[in-house]
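Colleague: Got a minute? I'd like to go through this model with you.

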Amino acid sequence: MRYQSICGSVIFLVVLLSVPALYGQESFFPQLPGWKITQDDPVYNANNLWDVIDGAADLYLEYCFVDLHIARYFNMDSMEVKAELYRHASSEDAFGMYAQERDTGYNFIPIGVQGYLQQGVLNFITGSYYIKLSTFQTGVKTNDALLAIGKKLVEHLKQKNTMPRLFQVFPKERKLPHTEQYVARNFLGYSFLNAAYTAAYKDSSAFKIFVIDAAEQEKAKSILVDYLKAIPKEAVTRLDTEKYQIQDPHIGVMVLQEFDRYICGMINYPNGKIRDEYLKKVITSLSRNFK
Amino acid sequence: MGINELDRRKFLRTSVLGSASALLASASFARSRDADGNKKTDDKPMIRRKLGKTGIELPIVSFGVMRADSPALVQTAIKDGIVLFDTAHGYQGGKNEEMLGEVFKAYPRDSFVVATKVPPEIKKDAAGAFDGSFTTKTFLENLDISLKRLNMDYVDILYVHGLSARDAVLWPVLLDVVTKAKKMGKARHVGVSTHKNEPEVIQAVIDSGVYEVVLTSVNFKQDHYPAVKEAIAKAAKAGIGIVAMKTMAGGFHDKERNLPINCKAALKFVLQDENITTAIPGNTNFDQLAMNASINRDLTMTAQEEADLLVGKSEGGLYCQGCEHCVPNCPKGLPIPEIMRAYMYAYGYRESRQAQELLASLNIPNNPCAGCPSCSAKCAKNFAIPERIQDVMRLTAVPEEFIS
């Protein structure tokens, strides 16, 4: 509940701060030569996102969704492209929501922070905007049109196009491409595990690394206490002062290590050597860049 | 607002937060399951209800699957005895269905019930009419994609996703396409999902003679709850299976999202209506799942739960009955009932444009209460009149293009 209140306050600030900017700006949507724009759809907010994407809205709200702006681009060839601009309270939230819908097998292209082009669909993020472009038309010109509009939007919105910063601490070796996720709430199904950054790896078997940003050292400690309370005692082995190996009844084998305001962990790692090697890399990077 | 009013609000807020925390604590994962994650034996039998004439019988609490990154939640729900899992073609770009398909590989097909929702894609032809052949083609294609993601030959319930008008429910193109899907063996039963104009949609479902199930939003906060309840009763009598959603009413009593709803009480409230077969709360963590699943064995509402639901009502609700009790005491002669109606449009029906138009038609200043040190107008329903006026009048300053 505390998280939602914070989310609500941040959303209010985002909307408030954007109003003066919007007055000086024609629209969220840029003009493109050869294209006409219509904006007949209403602007949706957290109270009525249901009206347009039904039950899918719940997850957007977990990622501090602010509002949704929709425009339609038409050109001389009767091509229609629908542009949906989901604004979130932060670039982490936009990335998190995007990653919830992204599949690692998609056709990724360089646009904004990250994006992919499928048949008739271009989805990408730029800063705190998650943008979806789609058209019913098919053919060679379709992809060109989607790309042209997408690139113009990136230019127009003037956002920072970098991955959330905490992903820098994830080792590059054996990391599977496009598997980074930011889970705003209920990571692994636990209500006290929030703001988790994760990525998937493959050695002799697949495993995951995660870092939870608890914002404060005391909070990190209390999260760890909550988690250990939720697990049967016999499933927990203390490896070090602040390092635990756990046989989680739902998730599998896991290691957790507290470091400053962060909780670092790995899930289903193949062996102790890999566990220690990767965890050390994460902690070293955190101590150099984030302490 | 006087000091007493502030204190009362603070007390209500604290008591609701307290009881919500207590509920979560009592649902603690650690205490409700053994070392293998199995739910500890509960002596009470599972409450089950029939889903209309479909022949399916379900526990009263099911699972609205919201996210794909925790298959462990679905596995735990199965252990807890939950049978119906509800997803949709569009959730998480299809990853939601894929996750369910992956989880269900380990279970016999007849041990669970899966419902998915496919939206009707709409396109107009050159003459400006709805292109029915396009809708049919895309609907069946999308259903095939959903089945592939789910690793299944059929779904137990196929809903047309998100209809909100009688014409849409009875559009022959949709009636034909769901009939076709059923004949092809891709859906055992067909239905409609709705979260707007529910009574109208439910009546159309009854009249269709085709749909067998309706997934409808229903909750204790709906101003039109009596009408929804009545429509549900008619549908149940006609043999339509009723599945409830949005039972938590958004999770908060107030639009500022400071006053959390007792979600367990809200879910129990809806399920008191025996015409509703089951509800599909969205579970995103184990605590929530354990709390919701516990209702499958105990639907009794405690006195505290009943009191918690009344919190919202004591805050006044949204519906102005237009009694004009307030009008004579307003020194400025403001059309308070109309302003309260605008407030209801904005915050109840989420029709900001309608609210703005109504306010514009009243021809009152932007700050109509200016100069009044306190408000002498009293509302028969205890609406906080000056706060609501101040709140909704902000809409008049918002440019039209920013109003949804």
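Colleague: Which side chains meet in a salt bridge?
Modeller: A:Asp51 and B:Lys196 do, at 4.0 Å, N to O. The rule asks for a side-chain nitrogen of Lys or Arg within 4 Å of a carboxyl oxygen of Asp or Glu. This is a predicted model, where local features need pLDDT of at least 70, side-chain atom pairs count only at pLDDT 80 or more, and totals for chains, interfaces and linings use all residues. Residues are numbered from 1 along each chain as its sequence is written, chains are lettered from A in the order in which they are written, and side-chain values use heavy atoms, with hydrogens and water left out.

Colleague: How many salt bridges does the rule find across the interface of chain A and chain B?
Modeller: Just one.

Colleague: Which element gives the largest share of chain A's side?
Modeller: H1(A), with four residues. Helices here are DSSP runs (H or I, at least four residues), and strands are too (E, at least two), numbered from the N terminus.

Colleague: How many residues does the contact take from each chain?
Modeller: Chain A gives 40 and chain B gives 42. Contact means heavy atoms within 4.5 Å.

Colleague: And how much area do the two chains bury between them?
Modeller: About 3,600 Å², with 55% of it on carbon and sulfur atoms. That is the accessible area (1.4 Å probe) lost on putting the two parts together, summed over both.

Colleague: New topic. How many helices and strands does chain B have?
Modeller: Chain B has 15 helices and 10 strands.
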